[in-house]
Amino acid sequence: MLKFISLLMALFCFSCSSGKLEKTEDDACVTVDLVGYLESGKDNELSLSTLIDSLEYVPLQTPDDLPVDILLMVRMTNDNIYVLDRQQRLFRFDRQGHFQNLIGARGEGPTEYISAVDFEVDETKEAVYIFDIYRKKVKAYRMSGAFWKDIPVPEGVESIALVDDSCFIGYRPWYRAGDETDQCMFFGESAGEVGTISFGWKGRAREMKVDLFRMPDFSQLSSASRFRMPFESAIYALSQDYEVSKDVEFELGNHLLPIEVSMNNELYNKHLDAPYVFELKANRFEDFVYMSFFYQKKNRRVVYDISTGKFYTVFVGREPKGIDNDLDGGSTFWPLWFTKDKLIGVLPDDALEMKELMEYDNPVLQIGY
């Protein structure tokens, strides 16, 4: 296994109640050999039954004057489906897809949000949290859609997620922290810090100009207790005791994007044709890892089977493949969101008639279990 990651960062764990910092290791870390995939050209055909056992179709039905735009994000609970669309509207549906209400509203008023970069749901508190990047606040709403309260965010935090019913996690980048370390800060509803995970930065931080801004990926934190840091080729797991360990590591070798290129807009654009992996995003679904990245100007979406070591390409540039739907013989499955135990896709427009659905049923979620 290549060791470049260990040279780039120090990994710590902490107790949310005590703030104690300790170094951790995890021998169970999965290694994904992207070098072998990119250089061998070998690929395999993937069927949906390899990933899931059943597939459900849920039309998202809204009033005629409130159509859902392109979906940006989906969250599912036992009773509800929440979706954020391109117009920054947050919808709540029941599990059958019947519209319930909008959560809050976009605007500049004191109870409104300016830009929802992410959201989380805590149904035990009947609360929905919208993270407003411009105001650097968490806007808390009731499930009815009514405003509840503002939750202040610690100084320097640029991205936020809900960890559990008492803790949030916030990302404070090295140039905000002031000591050349990226930090994940844990705080409560009073914004008081209760613990910090420090990631030793990449060296020569003071010599670099930051032109491109990257965020951590907290999208799997609430459902699968996993997250990914910016500029890192790894997925990290967070235990119930708030211990952090490396869960998946991506072996990139010479395809690793140099830090000085990734952080400078001019250098970044000049190297788009180079054989580097750009903007790697990844999620883990049981024994599979789903990756999306750019390689020589083409977006690739790839599924890796941990148990067999096989790679399955489901999308390359303008050559979409998707996943063959051998479960019900329906439309090709396009995986867009992952939770710990679900795959979520959106049924293509041209497949509505196949499922005896009408245009007003659109969008239709494909939910795999």
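These exercises work through a predicted model, each with a stepwise solution.

**Exercise 1. The mixed sheet**

Task: Find the order of the strands in the open sheet, and explain why β3 and β17 each have one side without a neighbour.

Solution:
- Step 1. Lay out the sheet. Its 4 strands run in the order β3-β19-β18-β17, and the sheet is open.
- Step 2. Look at the ends. β3 (30-33) and β17 (226-227) are the edge strands; each has a single partner strand, so one side of each lacks a neighbour in the sheet.
- Step 3. Check the pairing type. For the sheet as a whole it is mixed.
- Step 4. Zoom in on one pair. β3 and β19 (residues 244-251) run parallel and are joined by 4 bridges.
- Step 5. Pick a bridge. T31 has E249 in β19 as its bridge partner.

**Exercise 2. A salt bridge between two loops**

Task: Which parts of the chain does the K125 and E189 pair tie together?

Solution:
- Step 1. Establish the contact. The side chains of K125 and E189 form a salt bridge, 3.2 Å from N to O. The cut-off is 4 Å, so the pair qualifies.
- Step 2. Place both residues. K125 sits in the loop between β9 (116-122) and β10 (127-132), and E189 in the loop between β15 (181-187) and β16 (193-200).
- Step 3. Conclude. The two loops are 64 residues apart in sequence, so the salt bridge ties together separate parts of the chain.
- Step 4. Add the accessibility. K125 is partly exposed at 29%. E189 is partly exposed as well, at 27%.

**Exercise 3. Two further salt bridges**

Task: Where do D150 and K137 lie, and are D273 and K297 buried or exposed?

Solution:
- Step 1. Take D150 and K137. Their side chains meet in a salt bridge of 3.7 Å, N to O.
- Step 2. Assign the elements. D150 belongs to strand β12 (residues 147-152) and K137 to strand β11 (residues 137-142); the two are 13 residues apart.
- Step 3. Read the accessibility. D150 is partly exposed at 30%. K137 is partly exposed at 32%.
- Step 4. Turn to D273 and K297. Their closest N and O atoms are 3.8 Å apart, in a salt bridge.
- Step 5. Place this pair. D273 is in the loop between α6 (265-270) and β20 (277-285), K297 in the loop between β21 (288-295) and β22 (298-305), and 24 residues separate them.
- Step 6. Judge exposure. Both D273 and K297 are exposed.
- Step 7. Widen the view. R75, D118 and E120 form one network through salt bridges that share partners. The salt bridges number 15 in total.

**Exercise 4. Positive phi outside glycine**

Task: Where do S225 and E286 lie, and how exposed is each?

Solution:
- Step 1. Start with S225. Its phi is near 55°, a positive value in a residue that is not glycine.
- Step 2. Locate S225. It lies in the loop between α4 (221-224) and β17.
- Step 3. Grade S225. At 31% relative accessible area, this residue is partly exposed.
- Step 4. Move to E286. Phi is about 50°, again positive, and E286 is not a glycine.
- Step 5. Locate E286. The loop between β20 and β21 holds this residue.
- Step 6. Grade E286. Relative accessibility is 44%, which means partly exposed.

**Exercise 5. Y175 and G156**

Task: How many residues separate Y175 from G156 in sequence?

Solution:
- Step 1. Place Y175. It is in helix α3 (residues 174-177).
- Step 2. Grade Y175. It is partly exposed, at 32%.
- Step 3. Give both separations. Y175 and G156 are 19 residues apart in sequence, and their C-alpha atoms are 8.9 Å apart.

Notes: Residues numbered from 1 in each chain as written. Predicted model: local features only at pLDDT ≥ 70, side-chain atom pairs only at ≥ 80, totals over all residues. Heavy atoms only, no water. Pairing = 2+ DSSP bridges. Buried < 20%, exposed > 50% of the residue type's maximum accessible area, 1.4 Å probe, protein only.
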